[in-house]
Amino acid sequence: MHYDVVVIGGGNAALCAALTAREAGASVLLLEAAPREWRGGNSQHTRNLRCMHDAPQDVLLEAYPEEEYWQDLLKVTGGKTNEELARLTIRDSAQCRDWMRRHGVHFQKPLSGTLHLARTNAFFMGGGKALVNAYYRSAARLGVDIRYDTPIHTLELIHGQFVAAHTAQGERITAHACVLAAGGFESNLPWMREAWGEVNGEWPADQFLIRGTRFNTGTLIDFMQRAGADMIGDPSQSHCVAIDARAPLYDGGICTRVDCVSLGVMVNRHGERFYDEGEDFWPKRYAIWGRLVAQQPGQIGYAIIDAKAIGRFMPPVFPGVKADTLEGLADALGLPRDAFMHTLNNYNAACREGTFDHTVLDDCHTEGLTPAKTHWARSIDVPPFTGYALRPGITFTYLGLKTNADSAVHFAGQPSENLFVAGEMMAGNVLGQGYTAGVGMTIGTTFGRIAGARAATAAAGQSQTHTRGAA
Ligand SMILES: Cc1cc2nc3c(=O)[nH]c(=O)nc-3n(C[C@H](O)[C@H](O)[C@H](O)COP(=O)(O)OP(=O)(O)OC[C@H]3O[C@@H](n4cnc5c(N)ncnc54)[C@H](O)[C@@H]3O)c2cc1C
């Protein structure tokens, strides 16, 4: 069958595109690489999206105006953002939730311990898994055809126009228009290895854990780059968190996060500290620790806390390694005891404790220590002591396709008439580097819906041309 619109991918952006194209009257086929039980890409692991609002709105507290949202994006990206597309995303975030609800997504009030996001982010009831399930149900009800286990290998393009998609098995699938929404390339370990390269005789990417799906292999990012599409973003940039070293290689999700770094110290496998653990609030700093750990020998770090920290952070899913003495903890973690004790003794001696308050940038700091700990520095001296081994956990990559307000794929600066892109495959246009929690789902929802609408319009135009041509 020849479809009006084919959507490649099976996460949030793809589903938003498929639903919108179908609502506009197009016949739609969605092609998901994963089997049904693993459908939904990284979107199944999410919890919320960031929404602008000028006054309190259902689950969102206070106000989060456009300008503040824009300034937040400007800050985290260091200016690597397209203002037109960023503001389009921000404005759309004010009104997309009614559409989401119509397709079965429910929101809930934030629980405590959710990284201070109650004002800015709307949380999905049941998390991202419930969101993608709701969208799949809605898609089936509306008559979107869905095929699982169908990774697309290449596209057939003529002068930048989409003609057909080819599966890895060589099947040819034609449509009037196409939306690419196949995520980043973070699950492609050889590509990650090449992008991060060799450092001091080690290949850092060999130790990476992928927080989300194993199906985001970047096959189509690579194909489109070779096909001459205009690209955006740096392949070596990725959102990278330090996560429990015991997490599985793929799909560990959010429960592998360990959020106690700012309450203690972090050492490398030589037992040495390497960065200011109290530089800023954890929600603003958690995403730098993946890269910091990736730069350490063996790409491993150890978060060390004492009994005073327990109960002050979200407990990780796996218990930490515990000991009644710091020497015992060094042994249990396999760290060199003398070096570890030297670090901990120096740190404890350097702590200048004022009034500890983890909710503000308090006055507890170290003196005469390199690197300093600038806030929440309290000596680690109350047993039991706990340690967590941490590895770099990759959330997503930034390399993608350049686009415009119509979500069109570009070739040599020219927008394609029937090939569109959404979600992580183009997020680099808005988020050239850095991250602010919840913006990934906002970008996917905005550009998924734009891409779906434009693809339906392009398909309608093409089918009219064909009908006229046949008459
Ligand atoms: C643990 C974790 C927690 C996160 N939490 C949040 C959060 O709370 N809020 C937020 O905004 N963002 C969060 N993110 C980021 C968020 O997941 C992404 O920004 C967002 O899901 C991207 O949506 P997408 O549809 O572009 O990609 P994905 O949801 O990853 O979907 C990509 C889809 O493409 C399919 N695919 C890949 N290659 C092919 C191919 N060749 N052919 C066919 N199909 C293919 C995959 O199987 C998958 O279904 C989180 C990410 C992770 C990993």
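Domain bounds here come from an automatic or database domain assignment. The model is predicted. In the protein chain, that assignment gives two parts, domain 1 and domain 2. Domain 1 covers residues 3–183, 218–236 and 398–470. Domain 2 covers residues 240–393. The centres of domain 1 and domain 2, taken over C-alpha atoms, are separated by 36 Å.

The ligand is considered next. It is surrounded by 44 residues. The closest are G11, G41, G212, G423 and G440. Several secondary-structure elements supply at least two residues each to this shell. They are the helices α1 (12–23), α7 (219–226) and α12 (439–470), together with the strands β3 (48–50) and β18 (385–397). Helix α12 gives the most, with four residues. By class, the shell around the ligand has 23 polar residues, 17 nonpolar residues and four charged residues.

Helix α1, which contributes to the ligand shell, also packs against another helix. Its partner is α5, residues 127–142. The axes of α1 and α5 come within 10 Å and cross at roughly 25 degrees. Angles under 35 degrees count as roughly parallel, so α1 is roughly parallel to α5. The crossing of the two helices is left-handed. On the α1 side, the contact involves N12, L15, A18, L19 and R22. On the α5 side, V132, Y135, Y136, S138, A139 and L142 take part. The residues of this α1–α5 contact divide into eight nonpolar, two polar and one charged.

A second helix pair is formed by α2 (66–77) and α3 (residues 83–92). Helices α2 and α3 pack at an angle of about 135 degrees, and their axes are 10 Å apart. This angle makes α2 oblique to α3. Helix α2 passes α3 in a right-handed crossing. From α2, the residues in contact are E66, Y69, W70 and L73. They meet A86, R87, I90 and R91 of α3. The contact of α2 with α3 has five nonpolar residues, three charged residues and no polar ones.

The loop between β3 and α2 holds E62. Phi of E62 is near 50 degrees. This is a positive value in a residue other than glycine. Strand β3, at one end of that loop, is among the elements that supply at least two residues to the ligand shell.

A third pair consists of α10 (residues 326–333) and α11 (residues 337–350). The axes of α10 and α11 come within 9 Å and cross at roughly 135 degrees. That crossing angle makes α10 oblique to α11. The crossing of α10 and α11 is right-handed. Helix α10 makes the contact through L326, E327, A330 and D331. Helix α11 makes it through R337, F340, M341 and L344. By class, the residues of the α10–α11 contact are five nonpolar and three charged, with no polar residue.

Two cis peptide bonds were found in the model, as follows. The peptide bond from T370 to P371 is cis, with omega near -10 degrees. P371 lies in the loop between β17 (365–366) and β18. A cis peptide bond also joins P383 and P384, where omega is about 0 degrees. P384 is likewise found in the loop between β17 and β18. Strand β18, which follows in the name of that loop, is among the elements giving at least two residues to the shell around the ligand.

Note on methods: Residues numbered from 1 in each chain as written. Predicted model: local features only at pLDDT ≥ 70, side-chain atom pairs only at ≥ 80, totals over all residues. Near = placed C-beta within 6 Å. Nonpolar A, V, L, I, M, F, W, Y, C, P; charged D, E, K, R; others polar. Axes fitted to C-alpha atoms, helices over the stretch in contact; angles between N-to-C directions. Parallel < 35°, antiparallel > 145°, perpendicular 65-115°, else oblique. Left-handed = near helix turned anticlockwise from the far one by under 90°. Contact = placed C-beta atoms within 7 Å.
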